[in-house]
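Trainee: Got a minute? I'd like to go through this one with you.
Mentor: Sure. Pull it up and ask away.

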Amino acid sequence: MEVHVKMDQRGLLPDRYAKYADAAHTADGTPTCSFPFEVTGVPEDAVSLAVAFFDFDSIPVCGFPWIHWVAAGIDTAEVKDGRIVFPEDASNLQSFGMVQGLNSSASRLGGSRNPLVTCRYNGPQPPDKTHVYTLRVYALNFMPLLREGYWANELVNQARGHVLASAEANLPARA
């Protein structure tokens with residue numbers, strides 16, 4: 001499996017999906033319009049997909065990897081010839097029946113109570129320097145039983161032993 005994300009001319013995640021998003025694509029000052037991406041090589045026997053978007057470069061800043069987005073229950077009915085395209089703003093559109101979990105903005109450190117910020121795509125906002133964000137997509141042999149607003153560990157626990165394939169893309173975004 002492979003994940004493909006179109007970067008800007010500088011090789012960065014386009015500003016529209018990150019710290020410099022315009023007001024129309026933010027909630028409470030947080031970028032909430034998820035970037036489009038394509039996944040190829042999805043196994044034929046995959047029942048669902050899951051997505052996780054992390055910032056491991058946040059560890060020196062806040063002490064842990066920041067979770068920017070977690071989504072599961074993505075129905076593979078839309079996979080054609082092993083390929084699925086996630087449209088721009090898939091998170092807010094809840095594309096493919098995705099069920100989204102809480103991101104780190106819901107934590108005590110994040111402090112937000114707005115579900116458009118805490119339970120959707122939460123775009124990169126590196127405070128100190130360019131960070132490299134990790135997008136992972138998992139092909140699963142089952143449909144997780146999760147409700148909107150789950151924590152990432154719930155997905156990890158359910159998916160254990162059920163991952164058919166995974167793919168990763170590392171996406172730099174500017175401070």
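Trainee: Which kind of contact do the side chains of Asp15 and Arg174 make?
Mentor: They meet in a salt bridge, 2.9 Å from N to O. Keep in mind that this is a predicted model.

Trainee: Where do Asp15 and Arg174 lie?
Mentor: Asp15 is in the loop between strand 1 and strand 2 (26–27). Arg174 is in the segment after strand 10 (163–173). The two are 159 residues apart in sequence, so their pairing ties those parts together.

Trainee: Why do such side chains pair at all?
Mentor: Opposite charges can pair when the charged atoms come close.

Trainee: Which residue does Arg10 form a salt bridge with?
Mentor: With Asp15. The closest N and O atoms are 3.7 Å apart there. The cut-off is 4 Å, so that pair counts.

Trainee: How exposed are the two arginines?
Mentor: Arg10 has 45% relative accessibility, which is partly exposed. Arg174 has 27%, and that is partly exposed too.

Trainee: Now another pair. How far apart, N to O, are Glu148 and Arg120 in their salt bridge?
Mentor: 2.6 Å. Glu148 sits in the loop between strand 9 (131–140) and helix 4 (152–159). Arg120 sits in the loop between helix 3 (115–118) and strand 9. They are 28 residues apart in sequence, so this bridge also ties parts together.

Trainee: Is Arg120 buried or exposed?
Mentor: Buried, at 12% relative accessibility. The line is drawn at under 20%, so Arg120 falls below it. Its partner Glu148 is partly exposed at 38%.

Trainee: Which residues do shared partners join into one network?
Mentor: Asp8, Arg10, Asp15 and Arg174, through their salt bridges.

Trainee: How many salt bridges are there in the whole structure?
Mentor: A search finds 7.

Trainee: Change of topic. What is the strand order in the open sheet of 3 strands?
Mentor: The order is 1-4-7, with antiparallel pairing.

Trainee: Which strands stand at the edges?
Mentor: Strand 1 (2–4) and strand 7 (84–86). Each has a single partner strand, so one side of each has no neighbour in the sheet.

Trainee: And how much are neighbouring strands turned against each other?
Mentor: By 20° on average, direction ignored.

Trainee: How many bridges link strand 4 and strand 7?
Mentor: Strand 4 (residues 37–40) pairs with strand 7 over 3 bridges, in the antiparallel sense.

Trainee: What stands opposite Val39 there?
Mentor: Ile84, in strand 7.

Methods. Residues numbered from 1 in each chain as written. Predicted model: local features only at pLDDT ≥ 70, side-chain atom pairs only at ≥ 80, totals over all residues. Heavy atoms only, no water. Pairing = 2+ DSSP bridges. Helix = DSSP H or I, 4+ residues; strand = E, 2+ residues; numbered from the N terminus. Axes fitted to C-alpha atoms, helices over the stretch in contact; angles between N-to-C directions. Buried < 20%, exposed > 50% of the residue type's maximum accessible area, 1.4 Å probe, protein only.
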